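Okay, thanks everyone for squeezing in. I'll put the sequence and the structure up, and then we'll walk through a few spots together.

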Amino acid sequence: LAPLIAQAINKDTSIYKDIKYSKNHLKEIELAAKMHDIGKIGISDRILNKAGKLTEEEFEVIKRHPIIGASILKNLALHQDEPIVKVAYEICRWHHERYDGGGYPDGLKGEQIPISAQIVSLADVYDALVNDRVYKKAMPYSEVEDYIISQSGKAFDPKIVNIFINSKEKLKA
């Protein structure tokens, strides 16, 4: 989903006038997005696979996965100068930040959040809502769309929400 959103940004230059992704950068976003939760390897399976609601303590543990993932990427012995590693770091570290500043791990707000992380954040929430998880059933697409719209300016950049809504047919496919 992330590269579809990034491609839609390319097509609608009225939304992000200063962003134009090359084919290589779109591929980097696609590959890096797949690594967004790599930090979960440092979280207990007991917490990750819990069927019920997490306790506050368990949620605090889950909230460490972006830092763990970013640390893994930052400490790679090789390839630190590769663009994909830089994009993957941004996505890992900041995909749980919220546009209104209420996210984690760093409490970034609005334009402080790299666009790649904002794209993956929306794609990640979409994926979590439209698919069954151990802790919840999938939601119908219309409810997911309503939820994402309700989070415009809160969890998500309103411009990315607009792109998502305008690209919904491709995203559902």
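Let's start with a quick one: is phenylalanine 59 buried, partly exposed or exposed? Phenylalanine 59 comes out as partly exposed, because its relative accessible area is 36%, and the cut-offs are under 20% for buried and over 50% for exposed. Before I go on, please keep in mind that this is a predicted model.

So, aromatics. There are four aromatic pairs in the structure. One of them is phenylalanine 59 with tyrosine 104, an edge-to-face pair with 6.0 Å centre to centre and 85° between the planes. What I like here is that the pair ties together distant parts of the chain. Phenylalanine 59 belongs to helix α4, residues 56-62, while tyrosine 104 sits in the loop between α6 (83-94) and α7, and the two are 45 residues apart. Tyrosine 104, at a relative accessible area of 13%, is buried.

Another pair is tyrosine 126 with phenylalanine 164. The ring centres are 5.6 Å apart and the planes stand at 65°, so this pair is edge-to-face. Again distant parts of the chain get linked: tyrosine 126 is in helix α7, phenylalanine 164 is in helix α9, and they are 38 residues apart. Both tyrosine 126 and phenylalanine 164 are buried. And if you bring in Tyr141, ring pairs join Tyr126, Tyr141 and Phe164 into a cluster.

Since we're looking at those helices anyway, how do α7 and α9 cross? Helix α7 covers residues 115-130 and helix α9 covers 158-166; their axes come within 11 Å and cross at roughly 50°. That angle makes α7 oblique to α9. The crossing is right-handed. On the α7 side, the contact uses Ile115, Gln118, Ile119, Leu122 and Tyr126, and α9 brings Ile160, Val161 and Phe164. Sort the residues of this α7 and α9 contact by class and you get seven nonpolar, one polar and no charged. So you'll recognise Tyr126 and Phe164 from the ring pair a moment ago.

Let me stay on isoleucine 115 for a second, which is in helix α7. Isoleucine 115 counts as buried, because its relative accessible area is 19% and the cut-off is under 20%. The C-alpha atoms of isoleucine 115 and tryptophan 94 are 9.8 Å apart, with their positions 21 residues apart along the chain.

Now the other end of the chain. Which residues does α1 use to meet α2? From α1 we have Ala2, Pro3, Ala6, Gln7 and Asn10, and they meet Leu26, Ile29, Glu30 and Ala33 of α2. By class, that contact of α1 with α2 has six nonpolar, two polar and one charged residues. The axes of α1, residues 2-11, and α2 come within 8 Å and cross at roughly 155°. The two helices, α1 and α2, are therefore roughly antiparallel to each other. Their crossing is right-handed.

Next, two bits of backbone to look at. As background, most residues other than glycine have a negative phi, and most peptide bonds are trans. With that in mind, the peptide bond from tyrosine 104 to proline 105 is cis, with omega near 15°. Proline 105 is in the loop between α6 and α7. The second spot is histidine 79, which has a positive phi of about 70° without being a glycine. Histidine 79 lies in the loop between α5 (65-74) and α6, and it is exposed, with a relative accessible area of 53%.

Two more loop residues and I'm done. Lysine 40 is in the loop between α2 (23-33) and α3 (45-48). Its relative accessibility is 29%, so lysine 40 counts as partly exposed. Leaving aside residues up to four places away in sequence, lysine 40 touches Leu48 and His65. Lysine 40 and valine 61 are 21 residues apart in sequence, with 9.9 Å from C-alpha to C-alpha.

And where is glutamine 151? You'll find glutamine 151 in the loop between α8 (141-150) and α9. Glutamine 151 counts as buried, at 10% relative accessibility. With residues up to four places away in sequence left out, glutamine 151 touches Arg98 and Phe156.

That's my tour; over to you.

Conventions:
Residues numbered from 1 in each chain as written. Predicted model: local features only at pLDDT ≥ 70, side-chain atom pairs only at ≥ 80, totals over all residues. Heavy atoms only, no water. Axes fitted to C-alpha atoms, helices over the stretch in contact; angles between N-to-C directions. Helix = DSSP H or I, 4+ residues; strand = E, 2+ residues; numbered from the N terminus. Parallel < 35°, antiparallel > 145°, perpendicular 65-115°, else oblique. Left-handed = near helix turned anticlockwise from the far one by under 90°. Contact = heavy atoms within 4.5 Å. Nonpolar A, V, L, I, M, F, W, Y, C, P; charged D, E, K, R; others polar. Buried < 20%, exposed > 50% of the residue type's maximum accessible area, 1.4 Å probe, protein only. Phe/Tyr/Trp six-rings, centres within 6.5 Å; stacked < 30°, edge-to-face > 60°.
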